[in-house]
Amino acid sequence: MTTARRTLPLLTPRQIAGLKPGLADVIEYRKSGLSLNHIVGCPLDCGYCVRHLFDNFDMKVPRALMTDHEAVEQLVNHPYFRPHITPIQLFNRATDPMLANVKPHTFNVLGHLDGQGLTNHVLVITRWRVNAEDCAILNSFRNIKLTILVTHSGIDDERIEPVDSAIAAESLRTLHQNADRYRTVLYWRPIVPGLNDSDSHVQRARELSEHAHATVFTGLFFRNEIAAYYQAHGLPMPYPDTARRKILPELAERRILDAFHRPEATDAPWGELFRKTSCAVAYAHGEPDYNGHYGIRELCTICPAGQLELCASTWKAPSAAEATDAARALGAVGDIEVTERAIMVEGLDEPPRYYLQHGFGYQVHDRAKPHHYRRHGRADIGWPTQEIPTP
């Protein structure tokens with residue numbers, strides 16, 4: 001299956017030099033994988049978009065920094081890329097991969113990866129329109145493990161999210177109905193108390209979850225740059241403070257879990273609902289979580305019983321020597337400890353930690369930025385001020 005090879009205009013070297021360095025670097029290692037972003041610019045104007053962090057929110061027309069072939073070559077030759085192991089994300093930082101003029105590049109990159117016989121997980125995240133013809137192309141890839149995550153928030157305030165959530169809902173249904181080789185995940189985000197967590201919002205998400213192979217729910221990245229945008233545009237501030245991690249208060253999570261709970265379904269009392277993206281993706285493909293979340297057992301309390309058994313069957317702590325050698329090779333300093341939950345390191349930024357994590361299938365945490373019990377790697381905002389001890 002092929003599609004028209006329309007291409008976006010390339011930015012000039014001078015234009016690229018004017019970009020924020022993080023945006024000009026087309027590969028970034030995120031928790032869900034190496035992220036490829038050689039297309040920048042998006043007209044959708046979601047107020048909470050991470051594009052604020054790269055100073056390109058005002059770039060409304062997508063442009064390419066390089067050709068698709070050049071981008072894929074950079075990706076597969078990246079020092080952190082492992083064939084068949086490293087998860088990959090496409091266009092999740094600076095555009096939407098299913099915009100009409102970006103979509104041909106999305107399909108082209110997927111084709112390049114698939115044509116190399118790679119079996120890596122590939123995640124494509126969109127909130128835009130997907131039709132049956134698109135689904136046929138997505139089904140045509142034979143090797144990559146492809147997941148389309150459809151972002152749906154249900155936010156009704158057009159100042160914060162001008163895009164009608166009905167577009168994402170329809171795309172989700174279309175993708176699920178036509179899925180063959182790919183899988184579809186409902187990416188329910190960002191959930192913000194008082195904005196889109198009413199009973200009707202939660203019920204709507206539960207209904208939509210019936211049109212996905214899995215559902216993951218998560219909160220809001222509320223960084224300083226996003227807070228500044230909210231303030232400059234007179235938008236209601238969702239929280240009094242910003243945070244490095246996503247914010248999802250304990251009460252909001254509890255309301256969601258209560259609404260999804262189905263006590264009669266003993267094997268999966270919360271359905272196919274997950275707290276972490278990689279858990280949902282892995283479940284949709286019938287595989288154990290590649291991020292090793294099984295070690296953080298309080299994350300797993302809502303997982304289907306069969307998925308828990310699958311993750312347990314492959315989850316294994318590396319030896320202290322293996323973890324130490326691998327971390328030291330990447331520049332770790334201080335003591336390296338392998339606990340029942342994670343490998344604890346010092347002196348490593350996120351990319352090398354994720355590289356270790358995906359290689360071992362075991363969580364890797366920075367000792368200076370602890371993951372508190374039950375907060376699931378989220379910000380402290382909205383959780384008990386008194387620390388809950390780790391069991």
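# Reading helices and sheets in a predicted model

Modeller: Let's start with a helix pair. This is a predicted model, and in it the axes of helix α5 (residues 132-139) and helix α6 (residues 165-178) come within 9 Å and cross at roughly 45°.

Biologist: What do I call α5 relative to α6, given that angle?

Modeller: Two packed helices are described by the angle between their axes and the distance between the axes. Here the crossing is at roughly 45°, which makes α5 oblique to α6. As for its hand, the crossing of α5 and α6 is right-handed.

Biologist: Which residues of α5 and α6 make the contact?

Modeller: From α5 you have Ala132, Cys135, Leu138 and Asn139, and from α6 Thr174, Leu175 and Asn178. Sorted by class, that contact has 4 nonpolar, 3 polar and no charged residues.

Biologist: And what does α6 lie across?

Modeller: α6 lies across β7 (145-152) and β8 (183-188), and runs at about 150° to β7.

Biologist: OK, on to sheets. How many strands form the open sheet that has β7 and β8 in it, and in what order?

Modeller: Strands of a sheet pair through backbone hydrogen bonds, either parallel or antiparallel. In this case 8 strands form the open sheet, ordered β1-β2-β5-β6-β7-β8-β9-β10, with mixed pairing. Its edge strands are β1 and β10 (273-274), each pairing on one side only.

Biologist: Do β1 and β2 run parallel or antiparallel, and how many bridges join them?

Modeller: Antiparallel, with 4 bridges between them. They form a hairpin, with 2 residues between the strands. To find the register, look at arginine 30, which stands opposite glycine 33 in β2. On to the next strand along: β2 and β5 (residues 88-90) pair in the parallel sense over 3 bridges, and serine 35 stands opposite glutamine 89 in β5.

Biologist: Which side chains of β1 are buried, and which are not?

Modeller: In a regular strand the side chains alternate between the two faces of the sheet. β1 does that: Ile27 and Tyr29 point to one face and are buried, whereas Glu28 and Arg30 point to the other and are not.

Biologist: What about the sheet with β11 in it: what order do its strands take?

Modeller: That open sheet has 3 strands in the order β11-β12-β13, again with mixed pairing. β11 (333-338) and β13 (364-366) are its edges, each pairing on one side only. Ignoring direction, neighbouring strands are turned by 20° against each other on average.

Biologist: In what sense do β12 and β13 pair?

Modeller: Strand β12 (residues 343-346) pairs with β13 in the parallel sense, over 3 bridges. For a landmark, take methionine 344, whose bridge partner in β13 is histidine 365.

Biologist: Which strands do helices α12 and α13 lie across?

Modeller: α12 (residues 320-329) lies across β11 and β12, at about 145° to β11. α13 (residues 350-360) lies across β12 and β13, at about 155° to β13. Just after α13, glycine 361 takes a positive phi of about 65°.

Biologist: Which residues of α13 are buried, and what do they pack against?

Modeller: The buried ones are Pro352, Arg353, Tyr354, Tyr355, Leu356, Gln357 and His358. The buried residues of α13 pack against β1 (27-30), β2 (33-36), α12, β12 and β13. That brings us back to the hairpin of β1 and β2.

Definitions and conventions
Residues are numbered from 1 along each chain as its sequence is written. This is a predicted model: local features need pLDDT of at least 70, side-chain atom pairs count only at pLDDT 80 or more; totals for chains, interfaces and linings use all residues. Side-chain values use heavy atoms; hydrogens and water are left out. Axes are lines fitted to C-alpha atoms, for helices over the stretch in contact, and angles run from 0 to 180 degrees between N-to-C directions. Angles under 35 degrees count as roughly parallel, over 145 as roughly antiparallel, 65 to 115 as roughly perpendicular and the rest as oblique. A crossing is left-handed if the near helix is turned anticlockwise from the far one by less than a right angle, and right-handed if clockwise. Contact means heavy atoms within 4.5 Å. Ala, Val, Leu, Ile, Met, Phe, Trp, Tyr, Cys and Pro count as nonpolar, Asp, Glu, Lys and Arg as charged, and the others, Gly among them, as polar. Two strands pair if DSSP finds at least two bridges between them. Buried means under 20% relative accessible area, exposed over 50%, partly exposed in between (1.4 Å probe, protein chains only).
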